[in-house]
Amino acid sequence: MNTITYKCPNCDGGLVFDPKSQKFKCEYCLSEFTEGELERPPEEPTEASAGQPESEAAMVLYQCPNCGAEIVTEETTAATFCYYCHNPVVISGKLEGRYRPDYVVPFEMDRNKAEEIFKSWIRRKKYVPKDFYSPKQIEMMEGIYYPYWLYSCKVDGRIDAEGVRRRTTRTGSMEFLETSRYQVERKGLMEVRNVSRNALKKADRRLSENVLPFDMEKLKPFQAGYLSGFKAERRDMEKEEFTEEIETEIRDYAVASLKNSISGYDSINVKNHEEKITSPEWGYTLLPVWVLTY
């Protein structure tokens with residue numbers, strides 16, 4: 001397993017990805033570089049030392065390529081910081097082969113903006129203890145790339161339904177209810193893009209999916225350089241674990257969409273429905289999240 005530090009060509013300081021400028025920035029000499037200027041790390045990666053075989057250890061040991069100190073991480077950690085020299089480190093081997101992401105949505109919101117949003121949110125809350133938003137606590141805010149599976153497909157759907165119309169008339173003291181029933185059919189082809197599922201077991205699923213949806217128009221082909229200056233996690237859940245759940249959700253959505261396309265009736269009762277899913281595609285991506293842990 002290799003560790004990589006992206007070095008500034010001017011002063012040899014560690015480079016981090018700057019969300020605001022969408023460039024790689026040196027925090028020492030303040031130089032900035034585009035992705036094209038940093039297609040490859042400027043130095044050969046340093047071989048990591050291994051405390052235990054990766055398959056047997058929950059915690060894994062690496063060596064900082066900057067100061068040589070040992071870095072202890074969890075098995076799924078793909079990018080972090082050296083605790084001694086604070087150098088950003090990308091553990092390249094964690095994101096190679098079948099674990100290499102297809103895409104990444106780079107951070108656009110920097111730490112200052114994330115803190116500003118949090119403070120604005122907390123000001124609207126009553127009876128919150130000051131320790132909850134103390135400066136020391138806010139310092140623990142981290143930018144982390146979390147792994148997600150994205151599922152896309154086409155759905156050819158059809159429903160047979162009964163549309164009901166009711167009309168009330170009154171003659172003298174008598175009230176009459178007239179009910180008319182109609183046979184209704186709807187069919188259509190729907191394209192579904194980027195249904196997301198959290199792919200990290202230790203992440204709280206409710207929280208990790210509450211940050212959705214992301215703007216998937218901002219997906220970029222994965223480059224490890226985007227991780228520099230942030231933390232990142234590698235997936236430990238495979239797409240097969242989500243296939244049945246996602247396809248059920250898509251089928252239900254297709255039926256609901258076709259039903260909602262029917263108008264002019266007091267009620268709609270779906271009698272039969274059929275959905276055929278075609279052209280399924282999976283994409284593995286890293287999505288940016290600012291996290292504050294208590």
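## Helix H4 and a three-stranded sheet

The buried residues of helix H4 pack against three strands, namely S11 (142-171), S12 (174-198) and S15 (267-291). This picture comes from a predicted model, and the residues of H4 that count as buried in it are Ile246, Ile250, Ala254, Val255 and Leu258. Helix H4 itself covers residues 243-260, and its 18 residues reach 26 Å from the first C-alpha to the last, which is close to the 26 Å expected at 1.5 Å a residue.

The protein as a whole contains 4 helices and 15 strands, and some of its overall values are gathered here.

| Property of the protein | Value |
|---|---|
| Buried share of the 294 residues | 41% |
| Share joining residues at least 24 apart, among contacts between residues at least 6 apart in sequence | 71% |
| Exposed area | about 17400 Å² |
| Part of the exposed area supplied by carbon and sulfur atoms | 47% |

Elsewhere in the chain, strands S2, S3 and S4 form an open sheet in the order S2-S3-S4, and their pairing is antiparallel. Strand S2 (15-18) and strand S4 (32-33) stand at the edges of this sheet, each with a single partner strand, so one side of each is left without a neighbour in the sheet. In general, strands of a sheet pair through backbone hydrogen bonds, and they may do so either parallel or antiparallel. Strand S3, which spans residues 23-26, runs antiparallel to S4 and is joined to that strand by 2 bridges. Across this pairing, lysine 25 stands opposite glutamate 32 in S4.

Notes:
Residues numbered from 1 in each chain as written. Predicted model: local features only at pLDDT ≥ 70, side-chain atom pairs only at ≥ 80, totals over all residues. Heavy atoms only, no water. Buried < 20%, exposed > 50% of the residue type's maximum accessible area, 1.4 Å probe, protein only. Contact = heavy atoms within 4.5 Å. Areas by Shrake-Rupley, 256 points an atom, 1.4 Å probe, with all protein chains shown as cover. Pairing = 2+ DSSP bridges. Expected span 1.5 Å × (residues − 1).
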